[in-house]
Every structure is written in structure tokens, then in C-alpha cells.
Amino acid sequence: MISAPPRDSGLNQAQWQAVTCVDGPLLVLAGAGTGKTRVITYRMAELIRRGVAPDRILSVTFTNKAAREMQERALGLLGRRQRSRPVVSTFHSLCVRILRADITRLGYPERFAIYDRGDQESAARRALRDIRISDAALRPGDLLACISRWKMVGITPDQAREFIEDDRDQLAAMAYRRYQSQLRASGAVDFDDLLMLTETLFDQHPDVLERWQDTFSHVQIDEYQDTNELQFRLIEQLVRPHRNLCVVGDDDQSIYGWRGAEIKHILGFQQQFPGAVIVRLQENYRCTEGIIQLANQLVRHNLGRHEKRLVAHKEGVNEINFRNYPDEQAEAEGVVRDIAYLVRHLSVKEDDLAILFRTNEQPRLFESELRRQRLRYVLVGGQSFFDRREVRDLMAYLKVLAFPDDEVSLLRIINTPTRGIGDAAVEKILQRAVKSGTSFWRAVEPALVAGEISARTASNVRGFFEQLQGWRERAIHQPAQLAQLLTDLVKQIDYESEIRKQYKESQQQVSRLAVIDECVTAIKEYTSRSLKPSLTEFLEETSLTGRDDGFGDDDPLKKSGIRLMTLHSAKGLEFPRVYLVGLEEGLLPHQRAVDEGTLSGIEEERRLAYVGITRARDYLTITSAATRTKWGKRRESVPSRFLKEMLTPIEDEEGEVSTSH
DNA sequence: AAGGAGGGTTTTTTT
DNA sequence: AACCCTCCTT
């Protein structure tokens, strides 16, 4: 009993079925470019049309940027004059919302700091130092990988010992405990904690779970193929009473296995939710026929996938090019020359072009070529604004103001710029604080009395504390003036001199100093946008959306340009012309995946290539270099196995040749 | 405690 | 080649 799609919706039969099937579990297997975002937004509208209150509909997206865009689209469809709005959020933002109300029940402060990757690394480093593990045995990065692996399936430090497989895990389990108590003592959580603590909260306080179960009557998840174990469990709990769950995804685009994404969730949806309806969207409106064929042919080499065949709706000829260059420099020059020609002589818009690559070291050469040709470009993701040292310093100052317990941030800035509080003194004070169970600040006087630090140092620490208190007052009482506070703070600590000292070259100095202004601008932008600005909200926002663009580039000029991004960041996007570069063994598939020697590792790389190809609407250029310089040494580069795969037709089950060219 | 020199390490992808 | 850590000198 499926009605025909209304004419003005422009939806096809399958899409319409997915839109109108609103009760019970539904799996939408949506290939690339089949209009799944449209389906999700129309589905929200349909639910509301059927009388569901907008704010009882929860849609989960993969990035905050995607959430913003979907919210926009939905409002465009529904009209902005709704009394309430559908909730569109990432898993992490949703968990923050859940935790904010009840995290005190788990012994955390009401206002908790969210540690980003850099903070995590500092905390990991300290945990390792505390138990005196030699650097070679376990590095901070390895530790974080282990911890994250555990956390993503909800394993606590206590449970970790049961999952130890080798000596390294043994060490990691010890360090995990330290790391976790360090975070707890700092009143801080990391990204994985957001999910894990939410589950703990639901387990220990069923009333909280019930409240959230009652809050949403319908839940939809986009990019379901990238859902990890913990995320799955949370959602499963949330929808348990009504099972009104719609998940949308494409197993061929699962590219986050390394982050715990379990392809089994999308493959086994019907087992987990018996009675689930499956709708397949296979009509591709994005790419030309040749591009679809190429993508299909490549991805058919993967085992363990839902069989589906994308059907192209667009025709096109000669839209695919393969190029091999002598080295990576020539590759960059060649691609950019090509682009320059298109832009200058064929009036192709810069926004219509994208260069996609596997690793973040690749764009450098392309960037300098683009600059040389005076073409506008935007580097998406990569070393983000918030990863720069100066930004991290200033953010640490703000975090210390907002979260007095945040030890990691305090240690970062206590002597930056230098103010006569050396490592030795800090260490002594910390030891005292730990021994007597008090805060860092309260341990200063006892340390002085015990003769562990000099009177001079003690007075320096006191002075800094006074300064912090002054800023803190302002942050609390004049939340609208945060930008001015930061400006004054920077001046008071004379951060400019610090930068000039650190960087000798004037060009470096200028660009680093500009970063300060960008920080101030970011806060200004926030305070003018927020209804009720607060330092904690600003910090929360920046740590959750840090890598999304939209920061530092509020200048519309910067927003248009040739897009440079990794294949991972390109997920969900599309461009009329795509350059997929560096298709070589060791790069795509990445060396790490090759070394691993597992089939699933290579398959994920293949899906990554598949994602890259299917970003292209009309034109696709795939390039590789014959040699590549790595670690200062030139090496032969072998063309990626995927090239051969995508160009060799493979046999159908019936024994027919499926495609030809 | 601060600053500089030298040596070793590093690179997959990100909420 | 960039960054971080450690050690050395002041």
C-alpha cells in the first residue's frame, strides 16, 4: 500500500517509500548520489505532517556541519515559523546534551571540559610518565589508540584487564587507569567519554534513559555505515520502546573502520531489528554514466557487501582521464595547469573543482602551485585552525578560566610565556597537591614552607593566580565582552613578545600574530551570534566543531575556491570536476593497510577510492606519480592496484561480462 | 630558570 | 623538513 510520490516533490518511487515508511525499523540502503539527504529531510516533513511534534524527531548526522545543513534544509521545507524544531545533531553533541543535565550524578562537575586530541595527548603523556614506562615500550599515540579502541566498545579501565592480548595492552591497561583518573580529576572528558559516560548514565540511572526515550518518538541516523559499537548501543536503547528507527547508509562508503565503525551494523540490521523494512536507493542522479561504471566495477571487488547496482541517470562522454606523472611535483604542476586552463579559458568556476587525496601531507605541493598560479583555493580540514600552537595556548587560557580544575590546560600555560615558574617547581607543587589531595594552588604554600620551592617562585605563582582570578571574574560577569577580555589578556601576558622570541623570521611572526586576531574574531563572532553567550558554551562549541570549516573563514571570499581535502572529509560532498590524486600503492591503498595484511584493511581503502570517484558529477581525473619522495628519499611508485581493478571488467554471476569500455 | 644546540622521530584517515 | 625532547650553558 504505497502511494505514488507527489509530483512536486520530485521524488522517485523508492525514495517516496523511504519517506512514507515512518513506523518501525527501516533500513535505507542508499548508494552514492541517490538523494539520501533529500529523503531524510522529506521524512522529517512527512512525520510532522502526520502530527508528530517536530522536537520529538531526532536526526543524527556524522558532522556538525552536516547537522547545520540538514537543519537548514528541513526548515526550508517546513517553513521557519514552526513552534518547535526537529533536533538535528551528531552523536557527540547529543551526548553532551544528555550529560549536561545529569553528569553530576556520575561524580563529574556540572561544567566539564571536553579534551580534544591535543589535550588527550598531554594527558596520555603524563599518565605514562607517572608509571615510568619507557618511551619505546608505549608511546602516547599508541596508548591513545589502545584506550580509544577500548572505549569505543565501552570497556572501562576495570574491564580492560580481561581484554589484554599482549605486553603492550598490559601497559596500556595500567596507563588507561591513570589517564582516566587524570581526566576525572581535571573534571574533563574526551570524545570517547562523551559516548561512554552517556551509556554509564543510562545504565546506572534508568530514569534518565526513560526520560530520553520519552523525548524522541522517531529517530533517524545518517551515514549509518560509520556507526560504532557504542553509538549503536545508545541508539538501540533510545528507540527500544517504539523501534521507530530509520537508518540511512551505504556499506560501500564505510571508511571509518579505524574509528570503530562496524560494517556489521548495517549488514545485520534486519537481525538486530527483526521486521525491518529495507528500501534500496539505486538511481544515481549525481554522476555521469562512465563514472558510475568505473565506481561499480571497482567496488565489486569487495566481498561482504549488500549487493546493489547503481544506475546512472546522466549521460556523458570522455569525462574520465588517467594521468601518470614522473614525480609528485610534476603531478601537482600538471593538475594545477589543467585547472588554471579550465578557470581562465573555459570559465569554469573555482567552486566546481576539487582535488582529493589520501593523506594530509599531499596537499602541500598543490597549494604552492595554486598560489603560484594565483588561483583561489580552500584547504578543508587538515591541520585545523585549532591545532596551531598559538590557538592552543590561548584556548588553554580560556579553559583554565572556565574550568578551574582543568590541569592539562593549566600546565600548558603556567609558564607560557615564561613567568619564572619552572618545571621543577611545578613538579614539586603537583606532588604536594596529589599527596594532600588538594588543588595545585593550595599546595603552593606548603611547598614553600617545606623549602621545595623558592620564595621568588611562590610569589610568581601567587601573582599568576591573582591574574587568573581577575580574568575569571570578567569572564563570568561580562560574558558578552569575551573578545575584549581575550584582547586584554593577550596584552597583559605580552604574548606578542613571546611569538617574536619564538620565531625569528618576520614573515612567520606576521602570520603567527594574525592568529591572535583570528581568535578574537572567532569569539566576537560567537558572542554576537549566541543568545546567551558564556565562556563554557564557546569552548564546548569549539571543541565539538573545531575541525568543521566555518571558523576563521567567515570571510566570504575565502569560502569560494578550489576545494582541497582528504577523501575522508569529502564524504557526503559532490563536485562537477574532481581530481583524485596519488593513486599509488602505499598511498591508496595506504601502506599501513597493506602492511596489516588483512582483507578488511584493503577493502576499506577500496571503499575510500570508491568514495573519491563518486564525488565527481561530470568530470573525473585520476592521477599518479611514477616516483615519490619520502623521508627525503626518492622512491619508485607502483600504480595502485585499484586502477587495474576499475578498468578490468569482471564476470557477473551469470558468467557474463558486466561492463565494457 | 631560560634559552639554545643537537639529536631523534615522524605520517593515515577525525568526531 | 618540521617538530619535539633532552641536554648543556649561562
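**Exercises on aromatic pairs and the overall fold of chain A**

Tyr256 counts as buried, with a relative accessibility of 8%. The model examined here is predicted.

**Exercise 1.** Determine how the rings of Phe62 and Tyr256 are arranged, and where in the chain the two residues lie.

*Solution.* The ring centres are 4.8 Å apart and the planes meet at 50°. Planes under 30 degrees apart count as stacked and those over 60 as edge-to-face, with the rest tilted; the pair of Phe62 and Tyr256 is therefore tilted. Phe62 belongs to the loop between strand S2 (57-61) and helix H3 (64-78), whereas Tyr256 belongs to the loop between strand S7 (245-249) and helix H12 (263-267). The pair thus links distant parts of the chain, 194 residues apart. Finally, Phe62 is partly exposed, at a relative accessible area of 22%.

**Exercise 2.** State whether Trp441 and Phe464 are buried or exposed.

*Solution.* Buried means under 20% relative accessible area. Trp441 has 18% and counts as buried; Phe464 has 1% and is likewise buried. Both residues belong to one aromatic cluster, together with Tyr397, Phe440, Phe465 and Trp471.

**Exercise 3.** Decide whether chain A is as compact as a globular protein of its length, or less so.

*Solution.* Chain A contains 30 helices and 17 strands. For 661 residues the globule rule gives 26 Å, and the radius of gyration of chain A is 27 Å, which is close to that value; chain A is therefore as compact as a globular protein of that length. In addition, buried residues make up 54% of the 661 residues.

Note on methods: Residues numbered from 1 in each chain as written. Chains lettered and ligands numbered in written order. Predicted model: local features only at pLDDT ≥ 70, side-chain atom pairs only at ≥ 80, totals over all residues. Heavy atoms only, no water. Helix = DSSP H or I, 4+ residues; strand = E, 2+ residues; numbered from the N terminus. Rg over C-alpha atoms; globule rule 2.2 N^0.38 Å. Buried < 20%, exposed > 50% of the residue type's maximum accessible area, 1.4 Å probe, protein only. Phe/Tyr/Trp six-rings, centres within 6.5 Å; stacked < 30°, edge-to-face > 60°.
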